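Dear colleague,

I am handing over the structure below, and I would be glad if you could keep it open while you read the notes that come after it.

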Amino acid sequence: MESTTSTLTAASPHLLAAPSDAGPAPTTVDGVTYTFAAITPENVHQVHRAVTAYCLAGLAGADHEIEAVGEAALIVDELMANVQRHAPGPADLVVTSETGCWTVLVFDTSHREPVPDTDEPGEKECGLGLHLISQLSESWGSFRTATGKAVWARYPKPTPDTVPQQHQEQP
């Protein structure tokens, strides 16, 4: 995999470039950055595993937490797949852990804004990544950068009150 891994700092230009609707830049950031010459299916798979491990760190490992981490990693997969299909070339993936959520940003060199497909989800086999991202994430969006654009999504971290309630029969 052609990537480098490093720890983000609050001075990261990626976070400072985000518009106000992407949320405020955190003052302290726990995160990871991957830089790619080009995104390939192989590094999508490797990053999926790394992001899953990163998001699981610090969680108790309950079933609902593992499911939430899987959904957060699926958002990463979809964002990276969109770059692979629509913006071949260099890309950066930034994943941060903030109070209450994980934030994923994918920077690419295309100036074309992402547009969700207008077809019904059951009518196509591809082109539904943004629908999936909008269903799974708390919020998502995009903004232009000097070299292209960034697409971001926020995924809520699981909390004890998000545990699915089991149906219990009364005696």
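What follows is a short account of what was found, going from strands to helices.

Please bear in mind throughout that this is a predicted model.

I would begin with strand β3, which runs over residues 91–98 and is mostly covered, eight of its eight residues being buried. Both faces of the strand are covered, with A91, L93, V95 and S97 buried on one side and D92, V94, T96 and E98 buried on the other. The partner of β3 is strand β4, residues 101–108, and the two pair in the antiparallel sense over eight bridges. Within that pairing, A91 stands opposite D108 in β4. The two strands form a hairpin with two residues between them, and in the turn G100 has a positive phi of about 85°.

Strand β4 also leads to the aromatic residues, of which the structure holds three pairs. One of these is formed by W102 and Y155, which are stacked at 6.3 Å centre to centre, with 15° between the planes. W102 belongs to strand β4 and Y155 to strand β6, so this pair ties together parts that are 53 residues apart in sequence. With a cut-off for burial of under 20% relative accessible area, W102 counts as buried because its relative accessibility is 3%, and Y155 is likewise counted as buried because its relative accessible area is 7%.

Another of the pairs is made by F107 and F143, and here the arrangement is edge-to-face, at 6.2 Å centre to centre and with 80° between the planes. This pair, too, links distant parts of the chain, since F107 lies in strand β4 and F143 in strand β5, 36 residues apart. F107 is buried, with a relative accessible area of 7%, and for F143, also buried, the relative accessible area is 7%.

Turning to the helices, which residues of helix α4 are buried? In this helix, which covers residues 129–136, they are G129, L130, I133 and L136. These residues cover an arc of only 130° around the axis, which means that they sit on the same side of α4. As for what lies against them, the buried residues of α4 pack against α3 (63–86), β5 (139–145) and β6 (148–156).

A residue of helix α3 that can be looked at alongside this is N82. N82 is buried, with a relative accessible area of 19%, a value that falls within the class because the cut-off is under 20%. If its neighbours within four places in sequence are left aside, N82 is in contact with A87 and L130, and L130 is among the buried residues of α4 named above.

The last residue I would point out is T52, which lies in helix α2, residues 41–56. Not counting residues up to four places away in sequence, T52 touches V69 and A73. T52 and V69 are 17 residues apart in sequence, whereas in space they are 6.1 Å apart, C-alpha to C-alpha. The side chain of T52 also reaches the backbone oxygen of H48, at 2.8 Å.

With best regards

How values were computed
Residues numbered from 1 in each chain as written. Predicted model: local features only at pLDDT ≥ 70, side-chain atom pairs only at ≥ 80, totals over all residues. Heavy atoms only, no water. Buried < 20%, exposed > 50% of the residue type's maximum accessible area, 1.4 Å probe, protein only. Helix = DSSP H or I, 4+ residues; strand = E, 2+ residues; numbered from the N terminus. Pairing = 2+ DSSP bridges. Arc of directions from axis to C-beta. Contact = heavy atoms within 4.5 Å. Phe/Tyr/Trp six-rings, centres within 6.5 Å; stacked < 30°, edge-to-face > 60°. Polar contact = N/O pair within 3.5 Å; in protein donor to acceptor, adjacent residues only side chain to side chain.
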